[in-house]
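The following exercises are to be worked with the sequence and the three-dimensional structure in view. Each task is followed by a solution in steps.

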Amino acid sequence: MSKDRMLSLVKEVIIMSARGKTYSHILVWGTETRTNDVVLNSPERTKVIFSAAGGRGDISIGPFNTETTLAFKRVIANIGDAYNKYTGVFIAPVAGIYYFSIFYHSGRNGALKLYMNNHLIAMTHHDQPEKHGSKNGGNAVFLQMQTGDLVYVCLGQNSQVWGSNYHTTFSGYLVTPI
């Protein structure tokens, strides 16, 4: 099964089970299985802040022939445990207004796309100029989300970003529950 198909199935399981009182992240990646239960009626669910970086050392991520969901491996903060570093998916534990930002550093063509529930919301990109040099890009949005909504970042087709612990990041937080 392809990684994209597996991610799609994981998202479906998360969305379907998020509509109850609890939800589970269930992921089988290679030989690793991870389950994460979060109680949606908990008062802690309104404290939601995360920030994550590439976490792959001094190597680039990409380019790939197709758009690819990024899993930001170095978790800087994850209050509320709503970001999953294995899938790269943020799941809203409570309805509200959320703020998300994406930033990248690249030495080639770079493009990051932020999606909510499979809908493109924002992107940032650049095409490598004739003269070589590194480029940076970023974008940020406020989103109205319902419990169980998904937000994730994809690397654009034939794009590349630095995968270090510091240069390419995905962050978000709950501004206010609604």
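**Exercise 1. Backbone conformation in a loop**

In which loop does N117 lie? Describe the backbone and the exposure of N117, and then treat N118 in the same manner.

Solution. The model is a predicted one.
Step 1: N117 is located in the loop between β10 and β11 (119-126).
Step 2: The phi angle of N117 is near 50 degrees, a positive value in a residue other than glycine.
Step 3: N117 has a relative accessibility of 24%. Because buried means under 20% and exposed means over 50%, N117 counts as partly exposed.
Step 4: N118 is placed in the loop between β10 and β11, and its phi is near 70 degrees, a positive value in a residue other than glycine.
Step 5: With a relative accessible area of 55%, N118 is exposed.

**Exercise 2. The overall chain**

Determine the secondary structure content, the share of buried residues and the character of the exposed area of the protein chain.

Solution.
Step 1: The protein chain comprises 1 helix and 15 strands.
Step 2: Of its 178 residues, 44% are buried.
Step 3: The chain exposes about 9000 Å², and 52% of this area is supplied by carbon and sulfur atoms.
Step 4: Considering contacts between residues at least 6 apart in sequence, 70% join residues at least 24 apart.

**Exercise 3. A five-stranded sheet**

Establish the strand order of the open sheet formed by 5 strands, and identify its edges.

Solution.
Step 1: The order is β6-β3-β15-β9-β12, with antiparallel pairing.
Step 2: The edges are β6 (74-79) and β12 (135-145); each has a single partner strand, so one side of each is left without a neighbour in the sheet.
Step 3: From one strand to the next, the twist averages 10 degrees.

**Exercise 4. Strand β9 and its partners**

How many bridges join β9 to β12, and over how many bridges does β9 pair with β15? Add the residue partners and the burial of β9.

Solution.
Step 1: β9 and β12 run antiparallel and are joined by 11 bridges. The bridge partner of G96 in β12 is M145.
Step 2: β9 (residues 96-106) pairs with β15 in the antiparallel sense over 8 bridges. Opposite Y98 stands L174 of β15.
Step 3: Since 8 of the 11 residues of β9 are buried, this strand is largely enclosed by the rest of the structure.
Step 4: I97, which lies in β9, is partly exposed at a relative accessible area of 23%.
Step 5: Apart from neighbours within four places in sequence, the contacts of I97 include F142, L143, Q144, Y173 and I178. The C-alpha atoms of I97 and Y173 are separated by 8.7 Å, although the two residues are 76 residues apart along the chain.

**Exercise 5. The segment after β15**

Is I178 buried or exposed, and which residues does it touch?

Solution.
Step 1: I178 is found in the segment after β15 (169-177).
Step 2: I178 counts as exposed, because its relative accessibility is 54% and exposed means over 50%.
Step 3: Not counting residues up to four places away in sequence, I178 touches A95, G96, I97 and Q144.
Step 4: Between the C-alpha atoms of I178 and M145 there are 9.1 Å, the two being 33 residues apart along the chain.

**Exercise 6. A salt bridge and a cis peptide bond**

Which side chains meet in a salt bridge? Locate both partners, and then examine P63.

Solution.
Step 1: The structure holds 1 salt bridge. The side chains of K113 and E67 meet in it, at 2.9 Å from N to O.
Step 2: K113 belongs to strand β10 (residues 110-116) and E67 to the loop between β4 (60-61) and β5 (68-69), so the pair ties together parts that are 46 residues apart in sequence.
Step 3: K113 is buried, with a relative accessible area of 19%, whereas E67 counts as partly exposed at 26% relative accessibility.
Step 4: P63 lies in the loop between β4 and β5. The peptide bond joining G62 and P63 is cis, with omega about 0 degrees.

**Exercise 7. A nonpolar surface patch**

Which residues make the nonpolar surface patch?

Solution.
Step 1: The patch is made by I49, I79, F142, Y173 and V175, and its area is about 460 Å².
Step 2: I79 lies in strand β6 and counts as partly exposed at 45% relative accessibility.

Technical notes. Residues are numbered from 1 along each chain as its sequence is written. This is a predicted model: local features need pLDDT of at least 70, side-chain atom pairs count only at pLDDT 80 or more; totals for chains, interfaces and linings use all residues. Side-chain values use heavy atoms; hydrogens and water are left out. Helices (H or I, at least four residues) and strands (E, at least two) are DSSP runs, numbered from the N terminus. Buried means under 20% relative accessible area, exposed over 50%, partly exposed in between (1.4 Å probe, protein chains only). Contact means heavy atoms within 4.5 Å. A salt bridge is a side-chain nitrogen of Lys or Arg within 4 Å of a carboxyl oxygen of Asp or Glu. Accessible areas come from the Shrake-Rupley method with a 1.4 Å probe; for residues, only the protein chains shown count as cover. Two strands pair if DSSP finds at least two bridges between them. Axes are lines fitted to C-alpha atoms, for helices over the stretch in contact, and angles run from 0 to 180 degrees between N-to-C directions. Patches are made of residues with over 30% relative accessible area and no salt bridge: like charges are joined within 9 Å, nonpolar side chains (Val, Leu, Ile, Met, Phe, Trp, Tyr) within 5 Å.
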